[in-house]
Amino acid sequence: MLNNAYIPYGGYYSSPFCKWMGSLANINSIELGAATSKRWFAARDYDPTLIDYLYLGVSVGQKSIFYGAPWAAAMMSAPQAPGQNITQACATATTAVFNAALAVSAGNFETTYCLLADRPSNGPHTIWPNPNGPGGEVISENWNMDNIAADPATGKDMLTTAENVAREHGFTREQADELTLRRYEQYADALADDRAFQKRYMFPLEVAVSRKETRTIEADEGVTATSAEALARLRTVQPDGIHTFGAQTHPADANAGIVVTTRERAEAMSSDPQMAVQVVAYGHARTKPAHMPMAPVESVKRALNQAGLTLDQIKTVKNHSPFIANDLHLAKALGLDAHTFNNYGTSLVYGHPQAPTLARLLIEAIEETAIKGGGYALVTGCAAGDSAAALIVKVG
Ligand SMILES: CC(=O)SCCNC(=O)CCNC(=O)[C@H](O)C(C)(C)COP(=O)(O)OP(=O)(O)OC[C@H]1O[C@@H](n2cnc3c(N)ncnc32)[C@H](O)[C@@H]1OP(=O)(O)O
């Protein structure tokens with residue numbers, strides 16, 4: 001039961017998302033995440049020794065991940081904090097916040113910290129020993145591309161799961177491009193007035209260029225400028241599909257952090273003590289094989305059921321959109337107007353670093369709901385294995 005788990009208002013950040021193989025491509029994501037969180041704690045005047053427990057969300061192996069959460073805590077000047085790694089593909093952040101909320105509600109810990117830090121760039125190339133292979137031939141695995149290319153349970157790649165959903169529901173190329181363009185317009189709203197919306201939560205990265213020079217990254221990198229004409233010109237990736245490269249996400253590198261604590265501690269850590277953010281409910285579900293973009297619907301129903309809420313009571317909806325079919329399906333299945341959710345952009349536009357993706361969407365949901373004067377916010381997103389997780393928070 002999630003009866004006493006709160007996120008301090010402002011007790012979170014997301015770094016800019018940087019398109020993969022770019023500015024963050026050569027930096028260990030756990031080290032960069034811990035260093036960024038340490039700077040952010042200092043900027044917020046938070047004492048890292050308050051952290052009782054750290055959840056490290058990371059889906060792509062990094063050097064020394066074996067030491068994961070306690071190592072990250074030590075690098076953040078929180079050497080007292082034990083912790084655990086959470087790896088649930090794109091549902092890593094929702095699952096980390098849920099586990100933190102459970103632990104705080106159960107009274108195990110008072111102040112937990114979810115650090116989501118991932119780097120699809122330069123993912124590991126694993127060699128698995130195979131003494132029975134012909135001539136001792138090894139088994140090898142490229143963590144990113146091999147897993148995007150095939151779910152070991154179904155043999156299907158991720159794009160195929162999206163095209164399966166598009167075909168089953170009769171979604172067209174025109175619908176795909178039209179909604180993709182709308183997502184870019186929504187993202188433009190987050191850039192308006194010198195990025196006023198993003199500046200509510202985005203914390204810059206500092207990246208060492210050399211021993212003597214450090215570069216500050218303030219804003220997302222690698223977002224492709226687009227237009228209706230540019231989208232219409234692109235070829236679909238599969239000949240009979242609806243998704244071009246414009247209608248799907250790109251891998252990105254990033255980190256994000258979210259404090260989950262008691263009501264009393266959240267009030268003390270909040271930048272607006274009137275604005276409570278309560279973690280209310282979580283749902284995790286799976287859909288039929290090779291139809292991943294359909295999974296969020298059942299996860300949403302489970303979260304609503306846990307919360308005792310109906311969809312019309314939700315003020316803000318966010319759906320991780322690796323493919324535009326995800327948003328087309330969520331809208332159709334739940335009777336939502338696809339143009340009115342995912343305001344201020346989504347992973348389709350700003351990229352997908354996996355563990356931090358749903359953290360950023362959750363943070364943006366909290367900020368959007370605060371702008372609307374408070375209410376319930378729902379965040380969902382599909383994940384590898386035809387699964388999805390959803391989280392509901394109450395703002396204000
Ligand atoms: C649970 C989950 O989340 S599942 C999701 C897992 N992730 C994925 O499946 C990722 C899917 N996407 C991909 O893997 C990547 O798109 C890749 C790796 C296949 C391709 O990446 P890249 O080669 O870097 O593609 P890139 O972003 O450059 O786009 C290809 C082309 O489309 C163009 N393009 C991309 N987006 C747009 C757009 N919105 N408007 C116009 N043109 C665009 C690019 O300009 C580029 O054109 P060019 O070849 O003339 O330079």
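Visitor: How many residues surround the ligand, and which are the closest?

Guide: A residue is counted as near a molecule if one of its heavy atoms lies within 4 Å of it. In this predicted model, 23 residues surround the ligand, and the closest are K19, C90, T226, H320 and H352. The shell around the ligand has 15 nonpolar, seven polar and one charged residues. In this scheme Ala, Val, Leu, Ile, Met, Phe, Trp, Tyr, Cys and Pro count as nonpolar, Asp, Glu, Lys and Arg as charged, and the others, Gly among them, as polar.

Visitor: What should I know about the model before I read further?

Guide: Residues are numbered from 1 along each chain as its sequence is written, and side-chain values use heavy atoms, with hydrogens and water left out. As the model is predicted, local features need pLDDT of at least 70 and side-chain atom pairs count only at pLDDT 80 or more, while totals for chains, interfaces and linings use all residues.

Visitor: Which side chains have a polar atom at a short listed distance from a nitrogen atom of the ligand?

Guide: A polar contact is a pair of N or O atoms within 3.5 Å. For T226, a polar side-chain atom lies 2.7 Å from a nitrogen atom of the ligand; for Y184, the distance to a nitrogen atom of the ligand is 3.0 Å. The side chain of H320 has an N or O atom 2.8 Å from an oxygen atom of the ligand. The ligand has 1000 Å² of accessible area on its own, and the protein covers 70% of this; such areas come from the Shrake-Rupley method with a 1.4 Å probe.

Visitor: Where does the ligand sit?

Guide: A pocket is found on a 1 Å grid over the protein atoms alone, as an open set of points with protein on both sides within 12 Å along at least five of seven lines; its lining residues have an atom within 4 Å of a point. A molecule sits in a pocket if more than half of its atoms lie within 2 Å of its grid points. Here the ligand sits in the largest pocket, which holds about 1100 Å³ of space. A volume is the space filled by probe spheres set on the points, which are joined across faces, edges and corners. The largest pocket is lined by 48 residues, of which I148, M158, T249, P251 and F323 are the closest to its centre. Two or more lining residues come from each of α4 (145–149), α5 (158–169) and α7 (228–233). Helices (H or I, at least four residues) and strands (E, at least two) are DSSP runs, numbered from the N terminus.

Visitor: Which element gives the most to the lining of the second largest pocket?

Guide: That element is β12, with four residues. The second largest pocket has about 180 Å³ of space, and its lining has seven nonpolar, three polar and no charged residues.

Visitor: How many cavities of 30 Å³ or more are there?

Guide: A cavity is a set of grid points where a 1.4 Å probe fits but cannot get out. The count is two cavities of that volume or more. The largest cavity has a volume of about 70 Å³, and α8 gives the most to its lining, with three residues. Nine nonpolar, one polar and two charged residues make up that lining. The second largest cavity has a volume of about 40 Å³; β11 gives the most to its lining, with three residues.

How values were computed. A polar contact is a pair of N or O atoms within 3.5 Å; within protein, one must be able to donate a hydrogen and the other to accept it, and residues adjacent in sequence count only if both atoms are side-chain atoms.
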